[in-house]
Structures are given as structure tokens and as C-alpha cells.
Amino acid sequence: MAFTLPDLPYAHDALAALGMSKETLEYHHDLHHKAYVDNLNKLIAGTEWEAKSLEDIVRGTFKDGAVAQNGIFNNASQHWNHSAFWQMMGPGGKSMPAKLEKAITDSFGSVDKFKEEFSAAGAGQFGSGWAWLVKDKDGKLKVTKTENGVNPLCYGQTALLGCDVWEHSYYIDFRNKRPAYLTNFLEKLVNWDDVAARL
Ligand code: MN3
């Protein structure tokens with residue numbers, strides 16, 4: 001089964017006033033994400049992974065601690081990550097649903113504390129990677145960071161929110177200011193309804 005690039009759930013210019021430009025989404029979705037999908041399809045053709053679900057490929061090809069993951073893992077995980085990332089953002093300044101606010105407050109003490117921890121994780125990820133809010137196997141919410149394409153599925157966690165901190169995600173709009181990109185992401189871009197639905 002060949003994978004396909006999902007459409008953005010909004011127009012390319014829908015987030016421009018919120019700090020993510022049309023140009024960023026054209027490069028990031030139409031070129032970067034598409035390349036992951038195309039590479040994945042090429043790499044799995046004729047292999048045992050061809051008929052598997054994306055989640056099964058991510059879990060089945062992950063090798064913990066490996067700095068250089070194999071191509072199938074890298075492209076499968078990045079396809080999964082980006083497909084979720086587009087959904088986790090949105091226009092319209094959505095406020096945080098009460099059940100999510102309670103879960104975050106229970107785990108981190110306050111929404112502000114969570115945001116501090118999430119921003120610090122994203123800013124502190126050396127090189128390319130992702131910052132995450134996850135629901136761990138024990139049901140608790142935690143902030144994590146991962147390198148390259150590694151994601152919470154690899155550790156049996158549920159991804160509630162992820163922020164791409166590869167330079168291609170912020171360099172057009174924020175240049176080298178990754179912390180400013182993270183603050184803007186949390187304050188303006190996150191679709192909290194989507195995050196709550198993943199709880
Ligand atoms: Mn990316």
C-alpha cells in the first residue's frame with residue numbers, strides 16, 4: 001500500500017497572521033513532507049513493510065539509542081510526525097478545553113509551567129528533533145524531546161502535542177530564534193481542541 005501526502009487541514013496562508021508563513025508551509029508541507037512520503041514508498045516497495053500500517057512500520061523499525069536510524073524508520077516516523085503536526089495547529093485562536101487544562105494542571109502544576117517545560121525541551125534539543133507533550137504508559141502527562149524523527153510511538157507513549165524544531169520549520173519566519181518560534185507556537189498556533197481529542 002503506497003502512502004500519500006495528506007492535504008493541509010487549512011489553506012497555506014491560513015497561519016500567516018499567526019507566525020507561520022505561506023512560504024514556510026509551502027516548503028515544509030509540499031516539499032519536505034512530500035519527500036518523506038515519496039522516500040518511504042520507494043524504500044518499502046517489495047519489502048515486508050509494504051502491507052503494514054504506518055504505526056506498525058514506525059514501531060517495527062525503531063532501534064532505541066541508534067543515532068543513525070535506518071531510512072525506512074526515518075521516513076515513516078517523519079511522515080507520521082508531520083501528518084500529526086498539521087492537525088495540531090490551526091487558525092482561529094482556540095482556547096484550551098477544560099479537561100485538557102485540568103490534566104495539564106494536575107501533571108505540571110499550571111499551564112504556564114507546562115509551557116515553560118515544553119519550550120525548554122524544544123530549545124534544548126541539540127540539532128534536529130521534536131518537543132512533545134505525551135501521555136505516558138502510567139497515564140501521566142509528560143514533556144519529552146526526541147532527536148531527528150523519533151517520536152512517542154517508539155516508547156509506547158501517546159503523542160498529544162508535537163512541535164517540529166528542525167530548522168526547516170522556523171528558519172524562514174524566525175531565522176535562528178528557535179525559542180521565539182516555540183513561544184509563538186504555544187501562544188498562537190496550537191489547536192488545543194486537537195490536543196484534547198488525543199487525550
Ligand atoms: Mn519538518
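Visitor: Is Lys115 buried or exposed?
Guide: The scale has three classes: buried is under 20% relative accessible area, exposed is over 50%, and partly exposed lies in between (1.4 Å probe, protein chains only). The relative accessible area of Lys115 is 16%. That value makes Lys115 buried.

Visitor: What kind of model is this, and how are residues numbered?
Guide: It is a predicted model, where local features need pLDDT of at least 70, side-chain atom pairs count only at pLDDT 80 or more, and totals for chains, interfaces and linings use all residues. Side-chain values use heavy atoms, with hydrogens and water left out, and residues in each chain are numbered, as its sequence is written, from 1.

Visitor: Which side chain meets Lys115 in a salt bridge?
Guide: A salt bridge needs a side-chain nitrogen of Lys or Arg within 4 Å of a carboxyl oxygen of Asp or Glu. Here the N to O distance is 3.3 Å. The partner of Lys115 is Glu187.

Visitor: How many residues apart are Glu187 and Lys115?
Guide: Helices are DSSP runs of H or I, at least four residues long, numbered from the N terminus. Glu187 sits in helix α7 (residues 178–189), and Lys115 in helix α5 (residues 111–124). The pair links distant parts of the chain, 72 residues apart.

Visitor: How many salt bridges are there?
Guide: Side chains of opposite charge can pair when their charged atoms come close. One group, Asp136, Asp138 and Lys142, is linked in a network. By the distance rule, the salt bridge count is eight.

Visitor: What separates Glu26 and Lys22 along helix α1?
Guide: Their side chains form a salt bridge, 3.6 Å from N to O. Glu26 is partly exposed at 31%, and Lys22 is partly exposed at 42%. Both lie in helix α1 (residues 22–44), and because they are four residues apart, the separation is about one helical turn.

Visitor: What is the relative accessible area of Arg59?
Guide: Arg59 pairs with Asp56 in a salt bridge, with the closest N and O atoms 4.0 Å apart. Both belong to helix α2 (residues 54–61). Asp56 is partly exposed at 38%. Arg59 is also partly exposed, with a relative accessible area of 48%.

Visitor: Which residues coordinate the manganese ion?
Guide: Donors are N, O and S atoms within 2.8 Å of the metal (3.2 Å for Na, K and Ca), and sites may look incomplete because water is not among the atoms. The coordination distances here are 1.9 to 2.2 Å. The residues are His28, His82, Asp164 and His168.

Visitor: What is the relative accessibility of Asp164?
Guide: The donor spacing in sequence is H-x53-H-x81-D-x3-H. His168 is buried at 16%. Asp164 also counts as buried, and its relative accessibility is 0%.

How values were computed
Helix = DSSP H or I, 4+ residues; strand = E, 2+ residues; numbered from the N terminus.
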